[in-house]
Amino acid sequence: MILNIAAYLFVAIDDADALAVRLRTQAEAAALRGTMLVTPEGLNLFLAGAEAPLRGFLAWLRSDARFAALHAKESWSETVPFARLKVKRKAEIITFRREAVSPLQAGERAPTVAPATLARWIAQGGRDDAGRRLVLLDTRNREEVAHGTFDGALTLPIDRFTDLPTALAPHREALRDAAVVSFCTGGIRCEKAALWLRADGMDNVLQLDDGILGYFEQVGGMGYAGGCFVFDDRVALDPQLRPMAAGAAA
């Protein structure tokens with residue numbers, strides 16, 4: 001079986017160009033495929049390969065103190081769902097083009113909700129522990145949402161993450177009395193969205209820690225309908241983290 005990992009970490013990287021070269025060298029030596037984004041604000045990784053070499057690559061990466069906290073969400077497939085290895089040097093680990101949208105800029109993360117806590121809130125009728133109504137804010141685009149989302153989630157008709165502020169604007173007043181939990185595939189977009197919204201006056205916004213994939217991994221499909229779109233040939237994963245479409249790249 002092939003191990004697949006999705007991981008990101010906000011951390012200052014002063015040597016992004018040199019690091020990208022080292023990452024490629026190590027990943028090629030381990031026969032890994034996938035995509036790695038290297039930016040001054042951190043890393044974003046989607047990789048697949050044989051289990052031992054991939055775990056070895058992660059151990060090598062975490063041996064750098066900057067990346068010791070990197071947490072990888074795991075899933076399995078029969079074949080490698082990426083055609084090749086890509087290492088890209090970018091300005092952001094996900095493009096948003098707003099200020100105060102990373103923990104490096106804000107000085108701290110937005111408050112998080114653990115998957116088990118969110119499952120409990122859903123089970124207790126869509127209320128947080130303070131009794132506020134729960135609103136789940138999907139920060140993904142419409143193509144991803146079409147594969148599945150949380151029951152009753154607020155979804156937005158966007159094609160790019162940069163469209164989110166404008167699309168959300170008409171809903172903001174109605175959300176002021178709610179516990180708003182932003183979510184996305186693996187955590188990056190909901191983290192940036194939560195930080196930006198809190199800086200913009202919505203202090204009732206939290207983020208789902210580790211995103212949908214972390215929720216599936218830790219809780220399963222409680223309150224979720226359909227699958228989670230992923231950025232490889234598997235197309236989408238079900239709540240048991242099984243591919244919903246055949247056809248991995250050769």
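Which residues have the most contacts inside the largest nonpolar core? In this predicted model, these are I5, M36, L43 and F57, within a core of 27 residues. Two or more residues of this core come from each of β1, α1 (16-29), β2, β3, α2 (51-62) and β5. The greatest contribution is that of α1, with five residues. The surroundings of M36 were examined further: beyond residues up to four places away in sequence, M36 touches L23, R24, A27, N44, L45, L47, F57, L85, K86, V87 and K88.

The largest pocket encloses about 860 Å³ of space. Its lining comprises 38 residues, and L37, N44, F46, I94 and F231 lie nearest the centre of this pocket. At least two lining residues are supplied by each of β1 (2-10), β2 (33-39), β3 (42-49), β5 (85-89) and α7 (188-199). By residue class, the lining of the largest pocket consists of 15 nonpolar, ten polar and 13 charged residues. N44 is thus named both among the residues nearest the centre of the largest pocket and among the contacts of M36.

The second largest pocket has a volume of about 210 Å³. This pocket is lined by Y8, L9, F10, A69, H71, K73, P103, R109, G186, E191, D209 and D210. Both β1 and β4 (71-77) supply at least two residues of this lining, and β1 gives the most, with three residues. Five nonpolar, two polar and five charged residues make up the lining of the second largest pocket. Strand β1 accordingly recurs in the linings of the largest pocket and the second largest pocket, as well as in the nonpolar core.

Conventions: Residues numbered from 1 in each chain as written. Predicted model: local features only at pLDDT ≥ 70, side-chain atom pairs only at ≥ 80, totals over all residues. Heavy atoms only, no water. 1 Å grid on protein atoms, 1.4 Å probe; cavity = no way out; pocket = protein on both sides within 12 Å on 5 of 7 lines; lining within 4 Å. Points joined across faces, edges and corners; volume = space filled by probe spheres on them. Helix = DSSP H or I, 4+ residues; strand = E, 2+ residues; numbered from the N terminus. Nonpolar A, V, L, I, M, F, W, Y, C, P; charged D, E, K, R; others polar. Core = buried A, V, L, I, M, F, W, Y, C linked by side-chain atoms within 4.5 Å. Buried < 20%, exposed > 50% of the residue type's maximum accessible area, 1.4 Å probe, protein only. Contact = heavy atoms within 4.5 Å.
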